[in-house]
Amino acid sequence: IVPDVIALLGGVLGFLAVRWAVIDFIAKPMQKAMIPDDSKRKDVLKFYKYVWHLLAYVILWIWGLKLMWEAPWSVFKSGDFPSLWRGYPQPAEEKPMLKLFHMAQISWYGHGFIESLLVDKSRSDFLLMLVHHVLAVCLLSGAFWGNAHRVAVAVCVEQDLSDIFMYTSKIIQKAEKIRWMQNKTLHNYLLWQLCIMWWSTRCITLGAIVISCWMIIGPTGLITPFGEGMDPLSMYLILQLCLMWLLQLIWGLGLAKMCWVNLTSGVVHDTWHDGKKETKKK
């Protein structure tokens, strides 16, 4: 396991290095073309993050989707979520083809923890973000080395999809130099689209994965608290998964609140990213 830990640390440093390159060669030219020259530094840093995350999540999502599409246990082939849990603990023979993806995702969230410390301190959900990154690292690590790798891939795919929509929306919102992007109808549409996507993937789909766990693994006694057949690793995984789901529900309620405010007052305000003074009437 020591070589894997060293590889993960290298992955974190690698993502930080690629982040610097993307910001320097892609995000900065986009910033000059898209957001006002007199923007506050924190807004510029947010924009850099949005561009970097959008690019990274598109790559990670396509990679994960490809693995899911080709796997015989895939939801796309079985048509149900319980297939992700059948045969748990899952065959170790499946892990080599998934290991690099898992290592990349764990490194990504490790990098995200450091990045949040650098650029996200002004967010109202700063602590939630840090907890999310730690939970993601713990969940993905435990899932891979505990032979629940199918679930880990599925969770990554559904999480990454909503992130793609979110960062696309944020870039458009900040692109004040491009007049056609500063459109009330477009911003309203992006907000409602993101809310629907978030609840579809991070709340409903992740919820279905969690409930499937209780349906398939529950009767085995592996996740029965203090039961004779309780498996500590299985309990650890389901608790991490439930905590992750809870965080997504909290953020989902925040998005629902934003949609309600938009519907009743015409205001587009990012509850999590923007301070009170940054509320905009579109």
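**Exercise 1. Find where F226 sits, and say what is odd about its backbone.**

Step 1: F226 is in the loop between helix 7 (184–217) and helix 8. Helices here are DSSP runs of H or I with at least four residues, strands are E runs of at least two, and both are numbered from the N terminus.

Step 2: Now the backbone. F226 isn't a glycine, yet its phi is positive, about 65°. Most residues other than glycine have a negative phi.

Step 3: F226 counts as exposed because its relative accessible area is 83%. The classes are: buried under 20%, exposed over 50%, partly exposed in between, with a 1.4 Å probe and protein chains only.

A word on ground rules before going on. This is a predicted model, with residues numbered from 1 along each chain as its sequence is written. Local features need pLDDT of at least 70, side-chain atom pairs count only at pLDDT 80 or more, totals for chains, interfaces and linings use all residues, and side-chain values use heavy atoms, with hydrogens and water left out.

**Exercise 2. Work out whether N147 is buried or exposed, and look at its phi.**

Step 1: N147 belongs to the loop between helix 5 (126–145) and helix 6 (149–174).

Step 2: Its phi is positive, about 60°, although N147 is not a glycine.

Step 3: With 18% relative accessibility, N147 is classed as buried.

**Exercise 3. Locate P89 and describe the peptide bond that leads into it from Y88.**

Step 1: P89 is placed in the loop between helix 3 (75–78) and helix 4.

Step 2: The bond from Y88 to P89 is cis, with omega near -10°. Most peptide bonds are trans.

**Exercise 4. Describe the surroundings of Q105, then do likewise for Q240.**

Step 1: Q105 is part of helix 4 (residues 96–119). Its relative accessible area is 0%, so Q105 is buried.

Step 2: Skip neighbours within four places in sequence, and Q105 is in contact (heavy atoms within 4.5 Å) with L60, L140, C156 and D160.

Step 3: With D160 there's also a side-chain to side-chain polar contact at 3.0 Å. A polar contact is a pair of N or O atoms within 3.5 Å; within protein, one must be able to donate a hydrogen and the other to accept it, and residues adjacent in sequence count only if both atoms are side-chain atoms.

Step 4: Over to Q240, in helix 8 (residues 232–265). Q240 is buried at 12% relative accessibility, and, not counting residues up to four places away in sequence, it touches L135, C138 and L139.

**Exercise 5. Count the salt bridges and take three of them apart.**

Step 1: There are ten salt bridges, each a side-chain nitrogen of Lys or Arg within 4 Å of a carboxyl oxygen of Asp or Glu.

Step 2: In one of them, R19 pairs with E115, the closest N and O atoms being 2.7 Å apart. R19 lies in helix 1 and E115 in helix 4, so this pair ties together parts 96 residues apart in sequence. R19 is buried at 14% relative accessibility, and E115 is buried at 1%.

Step 3: K177 and D37 also form a salt bridge, 2.8 Å from N to O. K177 is in the loop between helix 6 and helix 7, while D37 is in the loop between helix 1 and helix 2 (41–70), 140 residues apart. K177 is partly exposed at 35%, whereas D37 is exposed at 69%.

Step 4: K66 and E70 meet at 2.9 Å, N to O. They're four residues apart in helix 2, so about one helical turn separates them. E70 is partly exposed, with a relative accessible area of 46%.

**Exercise 6. Say which residues make the nonpolar surface patch, and which helix gives the largest share.**

Step 1: I1, V2, V5, I6, L9 and W145 make a patch of about 610 Å². Patches take residues with over 30% relative accessible area and no salt bridge, joining like charges within 9 Å and nonpolar side chains (Val, Leu, Ile, Met, Phe, Trp, Tyr) within 5 Å. The areas come from the Shrake-Rupley method with a 1.4 Å probe; for residues, only the protein chains shown count as cover.

Step 2: Helix 1 (residues 2–34) supplies the largest share, four residues. I6 lies in this helix and is exposed at 55%.

**Exercise 7. Decide where the prediction is least confident.**

Step 1: The chain averages a pLDDT (the predictor's confidence in each residue, from 0 to 100) of 90, and 95% of the residues score at least 70.

Step 2: Confidence is lowest in strand 2 (residues 280–281), at a mean of 44, and highest in helix 1, at 96.

Step 3: Over residues 275–282 the pLDDT is below 50, and this stretch has 18 contacts in the model beyond near neighbours in sequence.
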